[in-house]
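Trainee: Could you take me through one part of this model closely, starting from the chain as a whole and then settling on a single region and its surroundings?

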Amino acid sequence: MKLCVSAVCAASLSLSLLPAALGASTSPEAKPPAASYQFALGKLLAVEGSVNDALAAFEAAEKAAPQSPDTAYVLVEHAQLLDRMAQYQRSSPLRDDSLKKAGEKIAEARRLAPDNLDVLRAAGEIYIDLATVDPSKLAAARETLEEVTRRDPHDAQSYLTLGRIYLDQGQAEKAAGVFRELINNVPEQRMAYALLVESLLRANKPEEAQKALQDIVGFDPGSLEARLTLADLQTRAGQSAAALQTLRGAPEETRDDPRLKRQLAWALYQNGDLDEALKALDAIPPAGKTKEGGETSQQGINLLRGLIYTAQGRNDEAIALLSKLHDADPKDTGIALTLTRVMARAGRRDDAARLLSTLAASLEKDGKAKEAQEVRLEAAQIYVDGKQWNRAGDALKPLLAAPDDAIRLQAVALEVDALTRDKHYDEALALLAKEKETPAIAARRAEVLSKAGRSSEAEKILSGLAAGDESSQLAAAQAWQRLEKYQDSIPVLEKLAAAHPDQAPTGFLLGAAYERSGQRDKAVAEFRRVLQVDPDFHAALNYLGYTLAEAGVSLDEALKLVTRAVALDPDNGAYVDSLGWTYYRLGRPEQARNYLERAARLEPEDATLQEHLGDVYVALGQKERARQAYQRALEIGGDNSDQVRRKLGDLGKAGPHS
């Protein structure tokens with residue numbers, strides 16, 4: 001190779017600077033001139049791409065001063081060049097040979113300068129590459145980098161590399177510790193924060209990951225990825241209001257991003273703001289590329305639109321949209337279940353059950369037996385809800401012999417329910433007799449006996465369960481409640497709630513028992529306690545809010561409670577009914593009507609809801625509509641029939657008012 005004069009001059013001029021720049025512990029004058037020259041020459045040759053000549057120059061420098069501590073720097077450069085060569089070798093033997101030589105050079109450098117941080121840093125990086133051919137070297141890399149980070153807490157690169165090693169080894173918590181330490185030492189390290197979040201999520205610590213993401217958004221509000229991830233974690237944690245706040249806090253320059261708009265629409269839906277959610281969806285451009293190169297998902301947008309229509313009770317529009325999604329992906333269980341629930345609500349139970357049966361057969365053909373069984377259970381539930389007992393039994397037959405205990409017992413419970421409602425008590429008891437005796441099976445048998453008029457036998461079973469262990473006690477309490485013997489369940493539930501005050505479901509059952517047995521103050525106190533344990537227990541939010549509204553007390557609080565319940569479960573007709581009824585109690589019949597009409601579309605077979613709707617129409621002077629609502633309540637049938645008849649009589653013969 002021909003070396004230009006200027007390059008030689010540059011090499012000569014740099015001889016006095018190289019050791020200092022590399023952190024050498026001795027002065028340039030202490031290095032033998034031949035070694036210094038060959039070292040500088042090797043670096044220049046490496047930069048120019050003359051690899052073999054560079055390697056020869058490094059060898060010459062090492063031979064000129066074999067035991068000098070400064071030679072450690074030559075060895076480092078030599079090892080790093082060999083390491084780089086290995087990355088470009090197409091031949092595995094040549095690559096492995098280069099890596100092996102690099103390892104030998106860095107080991108010699110460590111022998112000459114064991115405490116030199118530059119040597120340790122280089123050793124860590126080379127050991128990582130060596131680990132591809134010798135896995136034991138990964139431990140050496142980790143130990144070396146741990147030493148560097150102990151001695152230099154501001155070495156960000158070493159911290160990042162060390163943390164990645166822990167992540168690659170599946171030690172997510174240790175990785176998180178490394179990234180936290182780096183952030184403490186060098187604040188606002190974006191890469192460190194990103195890796196910390198990844199580590200915490202892998203370690204199943206979503207709350208800590210949220211905190212890290214909040215820090216990122218705090219010092220970098222425009223970090224859209226961090227904001228979207230934070231909102232997603234908040235949503236998964238049931239913190240829908242916090243997720244909405246996070247998304248709405250995005251700076252102006254990021255608000256046109258389709259991903260943000262789509263996630264904002266989901267957050268609005270989950271907060272019960274259905275009209276605003278639709279507006280947000282309408283603002284999303286047609287499917288295409290985002291600025292970052294990702295695809296916008298038209299299917300996801302249409303699914304959300306269908307869910308919003310469902311929550312609004314716009315059943316026909318929801319069915320039309322969800323049917324298109326189902327046709328495009330007929331094996332998507334989630335879409336199919338959503339569609340069939342809306343179809344059943346619209347009175348198309350046979351169509352819904354057929355669709356699910358077809359899906360179940362397809363899933364079985366694909367070897368997805370468990371998923372197919374769950375779909376068949378859903379089809380049977382549709383028939384049970386529609387009081388089509390024989391069809392429910394036909395749908396359940398394949399599941400009653402299922403080897404999976406959980407699936408079979410669910411099928412047994414549904415079949416027993418269908419047989420009991422159809423007054424085939426002996427068949428229900430015979431079916432239960434085939435199952436292993438457990439508290440749940442015994443409680444079901446007691447229910448059948450009670451409904452068959454064999455009350456003494458039923459009470460003997462339930463009393464025995466109530467005297468047993470906690471699982472037996474709970475089974476007895478639940479059976480009493482299903483039999484509407486709420487007072488009988490109270491002593492058992494009080495005992496269980498006292499023993500396990502952190503068990504929100506038990507407290508909810510107790511609150512319901514108090515309310516249904518006329519002990520409203522105790523019910524309110526128990527529901528408040530449940531919500532202290534679990535603030536997002538939406539059934540408790542709804543029950544407490546409705547109880548207060550029905551009593552006409554603390555109506556502002558009631559409104560907050562039921563509004564939150566609806567936000568957590570937007571298409572739950574019972575919750576929407578509670579919200580409408582609370583507005584009625586507040587003297588706001590127009591708002592009440594909007595929600596109650598929506599609730600009636602969501603729950604068309606609820607007699608109490610129809611009575612509420614009739615009361616609101618009366619308040620609005622729409623007496624003919626009120627009459628229709630009351631008559632519909634009587635057609636459905638329910639405990640409120642006598643009360644509804646009185647209200648119909650009070651209407652007189654007045655004509656309609658619109």
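Mentor: What follows moves from the whole chain to one nonpolar core and the helices around it, and then to some places for contrast.

Please keep in mind throughout that this is a predicted model. The protein chain contains 37 helices and zero strands. Its radius of gyration is 36 Å, well over the 26 Å that the globule rule gives for 658 residues, so the chain is more spread out than a compact globule. The C-alpha trace spans about 115 × 60 × 50 Å along its principal axes, and buried residues make up 48% of the 658 residues. Of the contacts with a separation of 6 or more, 49% are accounted for by residues 24 or more positions apart. The chain exposes about 31500 Å², of which carbon and sulfur atoms supply 50%, while the mean positions of its 83 positive and 98 negative charges are 3 Å apart.

The part I would look at closely is the largest nonpolar core, which has 79 residues and in which L462 and F537 are those with the most contacts inside it. If we set aside neighbours within four places in sequence, F537 is in contact with A504, P505, F508, V530 and L531. A second core, separate from this one, has 61 residues and includes A54, L162, F219 and L233.

Three of the residues in contact with F537, namely A504, P505 and F508, carry numbers that fall in the range of helix α29, which runs over residues 504-516 and also holds T506. T506 has a relative accessible area of 11%, and because the cut-off for a buried residue is under 20%, T506 counts as buried. Leaving aside neighbours within four places, T506 is in contact with L493, L496 and A497.

From L462, the other residue named for its contacts inside the core, one can turn to A476, which touches L462 as well as L465 and A466 when residues up to four places away are not counted. A476 lies in helix α27, residues 470-482, and at 0% relative accessibility it counts as buried. As a gauge of distance across the model, A476 and A122 are 354 residues apart in sequence and 69 Å apart in space, C-alpha to C-alpha.

For contrast, consider E59, which lies in helix α4, residues 51-64, and is partly exposed, with a relative accessible area of 31%. Not counting residues up to four places away, E59 touches H78 and K105; the C-alpha atoms of E59 and R341, which are 282 residues apart along the chain, are separated by 77 Å.

Two loop residues deserve a careful check of their backbone angles. Most residues other than glycine have a negative phi. K423, in the loop between α23 (405-421) and α24 (425-433), nevertheless has a positive phi, near 65°, and at 58% relative accessibility K423 counts as exposed. S554, in the loop between α31 (538-551) and α32 (555-568), also has a positive phi, near 45°, and S554 is partly exposed, with a relative accessible area of 39%.

How values were computed
Residues are numbered from 1 along each chain as its sequence is written. This is a predicted model: local features need pLDDT of at least 70, side-chain atom pairs count only at pLDDT 80 or more; totals for chains, interfaces and linings use all residues. Side-chain values use heavy atoms; hydrogens and water are left out. Helices (H or I, at least four residues) and strands (E, at least two) are DSSP runs, numbered from the N terminus. The radius of gyration is taken over C-alpha atoms; the globule rule is 2.2 Å times the number of residues to the power 0.38. Buried means under 20% relative accessible area, exposed over 50%, partly exposed in between (1.4 Å probe, protein chains only). Contact means heavy atoms within 4.5 Å. Accessible areas come from the Shrake-Rupley method with a 1.4 Å probe; for residues, only the protein chains shown count as cover. Lys and Arg count as positive and Asp and Glu as negative; His and the chain ends are not counted. The place of a charge is taken as NZ of Lys, CZ of Arg, CG of Asp or CD of Glu. A nonpolar core is a set of buried Ala, Val, Leu, Ile, Met, Phe, Trp, Tyr and Cys residues joined through side-chain atoms within 4.5 Å.
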